[in-house]
Amino acid sequence: MTAERPVPATFVRDHTRPDRPSLVPEVTLRVSADVVALWEAIETERGVAPTDPPFWAAAWPGGQALARYVLDTPASVAGRSVLDLGAGSGLVAVAAALAGAARVLASDVDPFSHAAVAVNAAANGVAPIAVLGDVLGDEPPAVDVVLAGDVCYDRVMSERVLPWLEAARARGADVYLGDPGRPYVPVDRLERVATFDVPDTEGPQVRRTTVWRLP
């Protein structure tokens, strides 16, 4: 895939269906009904097979937990600037906007995510959300809150993202991490602020998912 040509919003609408995540029924989200068909559609759209799964077409447990937390605790984001890191569908960014954030940014490396965030923002009646690409090689932006759902899905990604989140915290941002118990999260260095049981997108089981705060 190339990042130069934007993905049309019609692609997201044509290849997903509207749904309401089980833990966050206040939000309407476009999700994949058939991942294999979606992969094939992405290949047709881009002319090359995708290298990564369409993370943007699902409501992952860490994102659902973060979205639930900010909706239940609007003071965490209300009137503040927020970055949704590894935004995927934009579920967390949309929840922050619904909870009263003054400004919401999202970041994701996948251009299909950028289109999905725009579609999902419009579907939920919130203001357009600016989407950045990969920010992990740069200094954290000047925001009040960083929300990161399901970003520690493997060791390599964790080794990139955790120092960046620590840098954002050092610059004064409140940093929250939503994670369903993956082994790469340094829980001994974090503060637990909420725990939810979230139906897993990858199977029938329920995932105990925690919202952590960097102290």
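## The nonpolar cores

In this predicted model, the largest nonpolar core holds 36 residues, and those that touch the most other members are V77, I129, L147, F196 and V211. Several elements each give two or more residues to this core, namely the strands β2 (29–31), β4 (103–107), β6 (145–149) and β8 (191–199), together with the helices α3 (61–72), α4 (91–98) and α5 (111–123). A second core, separate from the largest one, has 23 residues, including L83, V146, V185 and L190.

The surroundings of I129 show what such packing looks like at a single residue. If residues up to four places away in sequence are left out, I129 touches A93, V94, V104, L105, A106, V117 and A121.

## Strand β6 and its neighbours

Strand β6 has 5 residues, and 5 of the 5 are buried, so this strand is largely enclosed by the rest of the structure. The cover extends to both faces, with V145, L147 and G149 buried on one side and V146 and A148 buried on the other.

Strand β6 pairs with strand β3 (residues 81–85), to which it runs parallel, and 4 bridges join the two; within this pair, V82 stands opposite V145. Strand β6 also pairs with strand β7 (residues 174–179), again in the parallel sense, over 5 bridges. Here L147 of β6 stands opposite Y176 of β7, and the chain passes from β6 to β7 through helix α6 (residues 155–170), making a β-α-β crossover that is right-handed. Another facing pair between these strands is G149 and G178, the latter in β7.

## Strand β7

Strand β7 is mostly covered, since 6 of its 6 residues count as buried, that is, under 20% relative accessible area. D174, Y176 and G178 point one way from the strand, whereas V175, L177 and D179 point the other way, and all of them are buried.

Besides its pairing with β6, strand β7 is joined by 4 bridges to strand β9 (residues 206–213), and these two strands run antiparallel. One residue of this pairing is D179, whose bridge partner in β9 is T210.

## Residue G63

Is G63, with its relative accessibility of 10%, buried or exposed? The limit for a buried residue is under 20%, and G63, at 10% relative accessibility, therefore counts as buried. This residue has its place in helix α3.

Leaving aside neighbours within four places in sequence, G63 is in contact with L91, V92, G149 and D150. G63 and A87 are 24 residues apart in sequence, while the distance between them in space is 8.4 Å, taken from C-alpha to C-alpha.

## Pocket and cavity

Rolling a probe the size of a water molecule over the atoms shows where empty space is left. The largest pocket contains about 780 Å³ of space. Its lining is made up of 37 residues, of which F55, G86, D108, D150 and Y153 are the closest to the centre of the pocket. Two or more lining residues come from each of β3, α4 and α6, and the largest share, 4 residues, comes from α6.

How many cavities of 30 Å³ or more does a search of the whole structure find? The search finds 1, and the largest cavity holds about 30 Å³ of space. The residues that line the largest cavity are L162, E166, P186, R189, L190 and L214. Among them is L190, a residue that also belongs to the second nonpolar core.

Methods: Residues numbered from 1 in each chain as written. Predicted model: local features only at pLDDT ≥ 70, side-chain atom pairs only at ≥ 80, totals over all residues. Heavy atoms only, no water. Core = buried A, V, L, I, M, F, W, Y, C linked by side-chain atoms within 4.5 Å. Buried < 20%, exposed > 50% of the residue type's maximum accessible area, 1.4 Å probe, protein only. Contact = heavy atoms within 4.5 Å. Pairing = 2+ DSSP bridges. Right-handed = clockwise from strand over helix to strand, strands pointing away. 1 Å grid on protein atoms, 1.4 Å probe; cavity = no way out; pocket = protein on both sides within 12 Å on 5 of 7 lines; lining within 4 Å. Points joined across faces, edges and corners; volume = space filled by probe spheres on them.
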